[in-house]
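Student: I am new to this structure and would like a close look at one single part of it. Could you choose a loop, go through it with care, and then connect it to the rest of the protein?

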Amino acid sequence: MGASLQGQVAVITGASGGLGAHFATVLAREGAAVALTARRLEMVEALAGELAGQGHQTMALRLDVGDPAAIGPAFDEIEAGLGPISILINNAGVSGAGMALEMTRETFDQTFDVNVRGVYFAAQEAAKRMIASGVADREAGRIVNIASVASVTNLPGLSVYCASKAAVAMMTKAMAREWARRGIAVNALGPGYVLTDINADWFETEGGAAQLKRFPKRRLMDASDLDAALLMLAGPAAKAIAGQLILVDDGQTLPGGG
Ligand SMILES: NC(=O)c1ccc[n+]([C@@H]2O[C@H](COP(=O)([O-])OP(=O)(O)OC[C@H]3O[C@@H](n4cnc5c(N)ncnc54)[C@H](OP(=O)(O)O)[C@@H]3O)[C@@H](O)[C@H]2O)c1
């Protein structure tokens with residue numbers, strides 16, 4: 001176990017499974033107290049219990065980031081339980097899958113409500129608290145928005161998702177510029193494809209199998225491939241990194257064949 005995040009309090013949204021559950025585990029092992037949030041309370045409670053059993057300081061609570069009014073009260077509860085928030089991993093996301101010709105307004109809105117509005121207002125709420133608590137004065141505030149390769153490249157059947165993740169990359173830059181002077185480093189991590197619930201169905205299809213064959217390494221990534229970049233952006237090393245999108249994609253977005 002490392003200790004680079006000892007004394008930090010990290011909030012992870014969408015920590016009930018997939019990458020969010022992995023990120024929470026990585027941050028806890030690095031010494032941070034972790035608040036695991038998602039809509040499925042029983043799943044964040046189970047992981048928080050497991051991590052607590054390994055000696056980590058944890059909390060689990062229900063938070064639907066699609067409801068902006070729910071974010072403040074959830075962060076109040078976290079700060080009452082663990083202390084001032086110093087790290088936000090803005091991870092909750094949905095795929096909004098569907099071809100553009102058939103896309104419904106409902107799916108469009110639901111996707112933007114979570115992937116864009118949810119990320120924006122969770123970042124705003126975290127930043128306000130980092131400033132109020134003095135975390136930002138110590139240049140210790142860290143916001144890591146989970147973007148995607150979809151922030152910079154088109155993915156099949158994911159026009160709304162791609163638009164939402166491009167928005168995440170740009171809000172990261174804008175917030176980083178506004179809050180750099182205040183002592184909060186805002187950056188984005190853009191993973192390539194890692195097999196999780198968000199894409200498992202797709203990789204069962206012919207289209208998914210064909211896409212996989214076009215990746216330079218003909219494989220999906222492992223969540224642990226993201227650990228080094230996550231820890232860099234969430235830790236002391238990010239003091240002078242502002243508004244960057246760090247892609248960790250196993251070469252999946254590199255053009256060309258071979
Ligand atoms: N897997 C990949 O290949 C990949 C690649 C690039 C980027 N990403 C991004 O990584 C993030 C995590 O995705 P994943 O692959 O881990 O997918 P996942 O396994 O489907 O997990 C998504 C998480 O987001 C949560 N979530 C969804 N809607 C929410 C809401 N309204 N409020 C709070 N939490 C919500 C889910 O929890 P509840 O259902 O319990 O709320 C779940 O924990 C997403 O932002 C995704 O876009 C994933």
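Tutor: Let us begin with the meaning of a word: a residue is called buried if 20 or more other C-beta atoms lie within 10 Å of its own, exposed if 12 or fewer do, and partly exposed in between. By that rule Ala-140 counts as buried, because it has 21 C-beta neighbours inside 10 Å. Please keep in mind throughout that this is a predicted model.

Ala-140 is found in the loop between H4 and E5, and this is the part I suggest we look at closely. If residues up to four places away in sequence are left out, Ala-140 touches Ser-86 and Val-135. The same loop, which runs between helix H4 (105-133) and strand E5 (141-146), also holds Glu-139. Glu-139 is partly exposed, because 16 other C-beta atoms lie within 10 Å, and its backbone deserves attention, since Glu-139 has a positive phi of about 55° although it is not a glycine.

A positive phi of this kind is also found at Arg-218, where the value is about 50° and the residue is again not a glycine. Arg-218 lies in the loop between helix H6 (206-214) and helix H7 (227-234), and it counts as exposed because it has 8 C-beta neighbours inside 10 Å.

To place our loop within the protein, we can follow two distances from Ala-140. The C-alpha atoms of Ala-140 and Leu-61 are separated by 24 Å, with their positions 79 residues apart along the chain, while those of Gly-49 and Ala-140, 91 residues apart along the chain, are separated by 27 Å. Gly-49 is found in helix H2 (residues 41-53) and counts as exposed, because it has 11 C-beta neighbours inside 10 Å.

Around these residues, the secondary structure of the protein comes to 7 helices and 7 strands, and read along the sequence it follows the pattern β-α-β-α-β-α-β-α-β-α-β-α-α-β. The C-alpha trace spans about 50 × 35 × 35 Å along its principal axes. A compact globule with 258 residues would have a radius of gyration near 18 Å, and the protein has 18 Å, so the two agree. Buried residues make up 45% of the 258 residues, and of the contacts with a separation of 6 or more, 71% are accounted for by residues 24 or more positions apart.

Helix H7, which follows the loop of Arg-218, packs against H1 at an angle of about 60°, with the axes of the two helices 11 Å apart. The crossing of H1 and H7 is right-handed. Phe-23, Val-26 and Leu-27 of H1 make this contact with Asp-227, Leu-230, Leu-231 and Ala-234 of H7, and by class the contact has 6 nonpolar, no polar and 1 charged residues.

Helix H1 (residues 18-29) brings us finally to the ligand, for it gives the largest share of the surrounding shell, 3 residues. In total 29 residues surround the ligand, and the closest are Gly-14, Gly-18, Arg-39, Arg-40 and Gly-93. By class, the shell has 13 nonpolar, 12 polar and 4 charged residues.

Note on methods:
Residues are numbered from 1 along each chain as its sequence is written. This is a predicted model: local features need pLDDT of at least 70, side-chain atom pairs count only at pLDDT 80 or more; totals for chains, interfaces and linings use all residues. A residue is near a molecule or strand if its C-beta atom, placed from the backbone, lies within 6 Å of it. Helices (H or I, at least four residues) and strands (E, at least two) are DSSP runs, numbered from the N terminus. Ala, Val, Leu, Ile, Met, Phe, Trp, Tyr, Cys and Pro count as nonpolar, Asp, Glu, Lys and Arg as charged, and the others, Gly among them, as polar. The radius of gyration is taken over C-alpha atoms; the globule rule is 2.2 Å times the number of residues to the power 0.38. Two residues are in contact if their C-beta atoms, placed from the backbone, lie within 7 Å. Axes are lines fitted to C-alpha atoms, for helices over the stretch in contact, and angles run from 0 to 180 degrees between N-to-C directions. A crossing is left-handed if the near helix is turned anticlockwise from the far one by less than a right angle, and right-handed if clockwise.
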